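Visitor: Hey, can you walk me through this protein? I'm new to reading structures.

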Amino acid sequence: MSYSLSLLDRLGAGDQDSWRRMLTLYTPLLRAWLRPTGLQPTAVEDLIQNALAIVLRKLPAYRHNGHRGAFRP
């Protein structure tokens, strides 16, 4: 999955357009995973924000293992 790997590389380099792409791709996915939990919409948005903040903080140490889907469970 070379596009995702290149996206991760660009994110790691601090590219702002890549961060917007990351948000566009993963925010709806996270929302879809969290919606069935029955949480209030504001709690869902808070969790998404917290998860993305962790990704941003941990990204410099992340090393892709070369396998498709390695970034997503």
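Guide: Sure, let's go through the overall layout, the core and a couple of residues; keep in mind that this is a predicted model.

Visitor: Cool. How many helices and strands are there in the protein?

Guide: There are 3 helices and 0 strands. Going along the sequence, you'd write the pattern as α-α-α.

Visitor: What's in the largest nonpolar core, and which residues touch the most other members?

Guide: That core has 13 residues, and the ones touching the most other members are Leu11, Trp19, Met22, Ile48 and Leu52. Helix 1 (2-12), helix 2 (16-34) and helix 3 (41-58) each chip in at least two residues.

Visitor: Which helix gives the largest share of this core?

Guide: Helix 2, with 6 residues.

Visitor: Let's pick Trp19. Where is it found?

Guide: Trp19 sits in helix 2.

Visitor: And does Trp19 count as buried or exposed?

Guide: Buried, because its relative accessibility is 19% and the cut-off for buried is under 20%.

Visitor: What does Trp19 touch, not counting residues up to four places away in sequence?

Guide: Leu11, Leu52 and Leu56. As for Leu7, which is 12 residues from Trp19 along the chain, the two C-alpha atoms are 8.6 Å apart.

Visitor: Okay, Leu52 now. What is Leu52 in contact with, leaving aside neighbours within four places in sequence?

Guide: Trp19 again, plus Leu23, Thr27 and Leu30.

Visitor: New topic: how much area does the protein expose?

Guide: About 5,400 Å², with carbon and sulfur atoms supplying 58% of that. Of the protein's 73 residues, 22% are buried.

Note on methods: Residues are numbered from 1 along each chain as its sequence is written. This is a predicted model: local features need pLDDT of at least 70, side-chain atom pairs count only at pLDDT 80 or more; totals for chains, interfaces and linings use all residues. Side-chain values use heavy atoms; hydrogens and water are left out. A nonpolar core is a set of buried Ala, Val, Leu, Ile, Met, Phe, Trp, Tyr and Cys residues joined through side-chain atoms within 4.5 Å. Buried means under 20% relative accessible area, exposed over 50%, partly exposed in between (1.4 Å probe, protein chains only). Helices (H or I, at least four residues) and strands (E, at least two) are DSSP runs, numbered from the N terminus. Contact means heavy atoms within 4.5 Å. Accessible areas come from the Shrake-Rupley method with a 1.4 Å probe; for residues, only the protein chains shown count as cover.
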